[in-house]
Structure formats: C-alpha cells, structure tokens
Amino acid sequence: MSERVDDVDGVVRQAQAVLAVTLQAYVAIDTEGRVLGWNPAAERIFGFTPAQACARDLADLIIPVRFRDAHRAGMARLAAGEPGRVLGQQLQLAAVHRDGHEFPIELTLTVTDEPGGRVFHAFAHDDTTAQRAVRFAVVEAAVAGGLAVAESSTVAAARVVEALGVRMGWPVVELWLVDDHRQVLTCVARHTEPGQRLGDFALDELEPGIGLPGRVCADGAARWIPDLSADGVSLRSAAAARIGLRVAVGVPLAFGRHTLGALCVYAERMDDPEDTLLGLLGRLAAQVGQYLERRRAEELTVELARTKDEFLTMVTHELRNPLAVISSSTALLDEELDELTSEQQHEYLRIITRSAQRLSVMTDDLLDLARLESGHLAVDPIDTDLRDIIEQAVQANATLAAGKQLTVTMQLPERLALHADPTRLRQVADNLLSNAIKYTPAGGTITIAAGLDDTGETITWTVADTGIGIPTADQTRLFRRFYRASTALEKCIPGTGLGLVITRTIVERHHGTITLAEHTGPGTTFIVRLPSTTPSA
Ligand code: ADP
C-alpha cells in the first residue's frame with residue numbers, strides 16, 4: 001500500500017517537474033475563477049509571476065474586459081456540472097498580457113473533481129505567430145489572386161491595396177508608381193478605411209525624393225517611420241500625424257535593379273514586429289513588381305503595334321500627299337517648262353516649296369517627339385518672360401493669320417516672369433497658335449491671354465479661337481500620338497496629330513498641365529498652367 005502511495009507521489013512530482021519545463025502555459029483555477037496553479041510558461045506568456053497570479057481572479061488577470069462577463073457565466077455553468085462544449089476542445093481566444101497588449105492564444109480546458117471541489121486545468125500557448133502566418137498567407141493569396149485576374153495595371157494596383165487594407169486592418173494603403181517620362185511619382189491606388197479622413201494627406205503626385213514614397217523610390221530600400229509626428233523631414237508625415245496615423249512603412253516595388261514604385265502603409269499602430277512586416281510587404285512588393293513589369297511589356301507591345309499602324313496610316317495620308325504634289329509638279333515643270341509663263345513657273349515652284357515645308361515640319365515633329373519621349377530632348381530652364389515668347393510667336397505667325405483674315409488679340413501683362421526653357425515654350429506657343437489659325441475659318445478671331453493667378457505661383461495661359469471646335473467624343477484621345485479629331489478629318493485639313501503630344505510633353509516637363517476648356521459656343525480653348533518657378537529652381 002505504502003509502495004503505491006510512493007508511486008503516486010512520484011508521479012505527481014514528475015508531473016510538477018514537467019509542468020515547470022513545458023512550453024505550454026498551465027493555469028489551474030477553482031470554480032470561482034481563482035488561480036490555483038501557474039507554471040513558468042504562464043509567467044512567460046502572460047507576464048505575471050506565480051506569486052502575482054495565485055489566488056487572483058483569472059478574469060481580472062488575463063481576460064479582455066469585453067469577454068469577462070461571458071467567461072464568468074461560462075465558468076458558473078461548468079461549476080454547476082453542465083457538460084459544456086468547451087471542455088477538451090482546442091479554443092482560440094484573446095488574452096491580455098500584464099503590459100496591457102492583447103494577443104491570441106490557443107487553449108485546451110479539462111476539469112477534475114478534487115476533494116475541495118471542481119478544478120479547471122487550462123493548457124495554452126501564444127498563437128500570435130501562427131495566426132500572423134495564416135493572415136499573411138491569406139493576404140498573399142488574395143494579392144496573387146487579384147493580380148492573376150486583373151485586366152489592367154490600374155485594376156491590379158487597386159486589388160493589392162484593397163487586399164492589404166482590408167485583411168490587415170490598415171487604414172491607409174497606397175501604391176505609388178514612378179512616371180519616368182514626367183519625372184514624378186503618381187499614386188495609382190489608395191485604400192482608405194471607411195470613416196478615415198485624409199485632409200491634406202491625400203496627394204496624388206509627389207516629386208522624386210519627397211515623402212515616404214519618394215524616399216523609398218529614391219533609395220530603392222524599405223523604410224519604417226515609427227513616429228510620423230516626429231518625422232521632421234516630410235510635410236506629408238505631419239499631415240498623416242494630424243489625421244491620427246502614427247506609423248508608416250514603405251517598401252520599393254522593384255524589378256531587377258529598376259525601382260518601379262513604392263507600396264506604403266500608414267496606421268495608428270502596427271502590431272507585428274518590424275522585420276516580419278517588412279518581410280511580408282517585401283514579398284508582396286516583389287509579386288507586384290513582377291506583375292507590373294510583365295504588364296508594362298505587354299502594354300508596350302500593344303502600344304508599339306498601334307503606333308506602327310497609326311504611323312503607317314499617317315505616312316500613307318500625310319507624307320504621300322506632299323510627296324505626290326512635289327513629284328507631279330516637278331514632272332510638269334520638266335515637261336512643259338518652255339510652254340509655261342514665268343508666273344506659272346513660279347506658281348509651281350511655290351507649290352513645291354509649300355509641300356517640302358510640310359514634309360520638313362512633319363519630320364521635325366517626329367524627331368522632336370522621339371527625342372522628348374526617350375528623354376534626349378533637354379529642357380533647360382532659365383529666368384525668362386512668357387509675354388516675350390507669346391509676342392514672338394504671334395509675330396512669326398502674323399502672315400498666316402492675315403492670309404485668312406483672322407484677328408489675333410493678346411491680353412498680356414507687362415511682364416510674365418517664369419523659370420522655363422524659352423525655346424521649348426516658343427514651340428508650345430507656335431503649336432497652339434498655328435493650330436488655332438489652321439482650324440479657324442477665314443474671318444475668325446484668336447485670343448491669347450496669360451496672367452499670374454492670385455497665389456503668384458501659377459501662370460494661366462489660354463489660346464482661344466472661334467474655329468471648327470473639337471467634339472466632346474474626341475477630347476479624351478486628343479493628346480494621343482497621331483490622333484486627329486473628326487472635325488479636322490471631315491474638313492480635310494492637313495495635319496499629323498503630333499503637335500499636341502509634343503506640346504503636352506513640353507508643358508509637363510515644366511511641371512505644368514494642358515487642358516481643353518469646356519466650350520458652349522463654336523471654337524476651341526486650350527488652357528496651359530505653368531508654375532512661375534519650377535520646383536527645382
Ligand atoms: P495636327 O494639327 O498636326 O493634326 P495636333 O497634335 O496639333 O496635330 O492636333 C491634333 C488634333 O487636334 C488636330 O488634328 C485637330 O483635330 C485637333 N485640334 C488641335 N487644335 C485645334 C483647334 N484649335 N481647333 C480645332 N481642332 C484642333
């Protein structure tokens with residue numbers, strides 16, 4: 001008999017030794033919820049020593065306030081002997097650490113009947129890592145799924161920020177892309193949690209190197225800002241802090257050595273450790289980078305095919321015409337030179353010269369466009385005067401305008417100082433004015449106005465005519481290469497559809513915009529807005 005008691009004692013001692021070293025938290029409580037047992041793993045996981053925990057109410061120690069009533073009611077039912085569905089099951093619950101942070105635990109509960117009453121035994125472990133891995137896997141699967149079915153880069157970007165924002169519970173997620181051509185960063189997709197105000201944080205364009213997206217793209221490296229209110233470098237961080245966002249993380253979207261953009265997340269707090277989150281975001285960014293690069297290649301191929309088609313059409317229509325005129329006129333001159341009067345000979349020579357000039361303009365346009373698009377056409381800003389530039393263009397086009405009895409009026413201040421490339425702006429002035437002349441029937445009016453707005457930062461320059469106008473349906477495609485509006489085609493007015501593309505590229509290189517004003521009456525008005533000083537100046 002005594003041997004048997006020794007045996008039992010030995011087993012109990014062994015069980016206690018096991019409880020002391022196991023990685024599982026062991027917590028025993030009585031029917032009142034008071035702590036009877038608390039092993040070292042419980043101390044590690046929940047932060048209380050056995051001395052601090054024993055005899056205390058478990059609910060007060062580790063159960064989140066919102067679950068305490070339910071916990072006490074459940075315990076009362078179990079104490080009363082109800083079988084309870086929770087016994088012997090693996091339960092996923094939330095617990096509170098001594099330092100106040102909440103975390104998920106996985107727990108199994110058993111009950112024994114002891115001489116002093118029922119005792120509940122819980123074995124638990126911290127489930128944060130496992131749950132985080134599951135959540136990350138879900139986000140990655142959502143992103144991969146979203147990318148697989150996205151019909152365009154824009155849709156793909158929207159899916160990525162949505163998946164991250166919704167599944168990770170982050171209030172603001174942004175995807176920024178570098179626009180090499182315009183040398184700016186554009187926010188192509190933003191997820192905002194319902195109810196989250198954005199205020200002046202909501203920017204859609206940033207200069208290279210500015211803000212978290214700009215810095216991530218410039219360095220090609222991830223960046224973690226633990227306290228946005230203390231980040232004195234960026235005005236946008238201050239704007240974020242004002243709307244309650246405290247922490248920000250940005251990772252580069254890269255393909256090989258080429259940084260395509262940045263994926264940025266802003267939140268009040270980030271529960272996951274820095275390296276784990278950077279790992280997740282880095283993997284997502286790599287997926288997105290690969291997708292975007294593949295898409296870009298596909299889009300380029302389509303664009304190239306389209307451009308080739310349009311180029312061929314343009315060559316057929318626009319280059320062949322003047323060439324045909326030149327060859328027929330020279331053939332005629334050759335054959336009939338002796339029979340033609342001197343005036344007739346001059347008339348043929350003038351026809352040949354005009355056609356050669358049209359060819360030369362087209363060649364220049366094509367070359368300019370190629371250089372601008374490949375970035376080889378330099379824009380060299382200096383302090384200059386837009387009034388001078390516009391006046392020179394008006395003078396240069398005066399004969400053309402007079403030939404069609406057009407009235408050209410200018411509404412310009414004495415001086416319009418700005419920091420810009422005068423040669424390139426002259427090209428803009430010439431393009432807009434020569435279009436106005438070309439597309440306005442005889443007797444019409446062209447009005448060129450320009451001035452500084454109230455802030456003193458932006459120059460607004462308009463070129464308005466009373467000509468054939470541009471139908472609304474054509475307006476969205478107007479700045480595409482080789483695109484010509486139906487009004488111009490119907491009236492067989494010659495053109496290449498290149499001037500506006502070049503004009504827009506130049507304006508954007510000056511950090512400006514060109515738009516078409518809404519028109520109720522006949523005619524067309526282009527509006528160019530330019531900063532009076534470029535940001536880099
Ligand atoms: P182009 O004049 O050589 O065709 P642009 O790129 O300068 O090429 O213009 C593109 C198209 O925009 C023109 O073909 C014409 O249809 C339309 N457009 C441009 N300016 C005007 C204007 N002032 N009035 C009417 N249509 C215009």
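Me: Which domains does the domain assignment give for the protein chain?

Reply: Happy to start there: the assignment gives domain 1 (2–126), domain 2 (131–301) and domain 3 (378–537). Such bounds come from an automatic or database domain assignment. The centres of domain 1 and domain 2, taken over C-alpha atoms, are 43 Å apart. Please keep in mind that this is a predicted model, where local features need pLDDT of at least 70 and side-chain atom pairs count only at pLDDT 80 or more, while totals for chains, interfaces and linings use all residues. Residues are numbered from 1 along each chain as its sequence is written, and side-chain values use heavy atoms, with hydrogens and water left out.

Me: Why is the protein chain called more spread out than a compact globule?

Reply: First the contents: the chain holds 17 helices and 18 strands. Its radius of gyration is 37 Å, well over the 24 Å that the globule rule gives for 537 residues, so the chain is more spread out than a compact globule. The radius is taken over C-alpha atoms, and the rule is 2.2 Å times the number of residues to the power 0.38. Along its principal axes, the C-alpha trace spans about 145 × 50 × 40 Å. Helices (H or I, at least four residues) and strands (E, at least two) are DSSP runs, numbered from the N terminus.

Me: What makes a residue part of the shell around the ligand, and which are the closest?

Reply: A residue is near the ligand if one of its heavy atoms lies within 4 Å of it. The ligand is surrounded by 21 residues, and the closest are N435, Y439, R484, T496 and L500. Helix 14 (422–438), helix 17 (499–509) and strand 18 (524–531) each give at least two residues to this shell, with the largest share, 3 residues, coming from helix 14. By type, the shell has 11 nonpolar, 7 polar and 3 charged residues. Here Ala, Val, Leu, Ile, Met, Phe, Trp, Tyr, Cys and Pro count as nonpolar, Asp, Glu, Lys and Arg as charged, and the others, Gly among them, as polar.

Me: What makes the pair of N435 and the ligand a polar contact?

Reply: A polar contact is a pair of N or O atoms within 3.5 Å; within protein, one must be able to donate a hydrogen and the other to accept it, and residues adjacent in sequence count only if both atoms are side-chain atoms. A polar side-chain atom of N435 is 2.7 Å from an oxygen atom of the ligand, so the pair meets the 3.5 Å limit. D465 places a side-chain N or O atom 2.8 Å from a ligand nitrogen atom. L498 uses a backbone N or O atom, 3.4 Å from a ligand oxygen. The protein covers 97% of the 530 Å² of accessible area that the ligand has on its own, by the Shrake-Rupley method with a 1.4 Å probe; for residues, only the protein chains shown count as cover.

Me: How do you know that strand 3 and strand 4 pair?

Reply: Two strands pair if DSSP finds at least two bridges between them. Strand 3 (residues 90–96) and strand 4 (residues 102–114) are antiparallel and share 7 bridges, so they pair. L93 stands opposite I105 in strand 4. Strand 4 is also joined to strand 5 by 10 bridges, through a hairpin of 2 residues.

Me: Why does one side of strand 8 lack a neighbour in the sheet?

Reply: The open sheet has 6 antiparallel strands in the order 8-7-6-11-10-9. Strand 8 (205–206) and strand 9 (223–225) stand at the edges with a single partner strand each, so one side of each is left without a neighbour.
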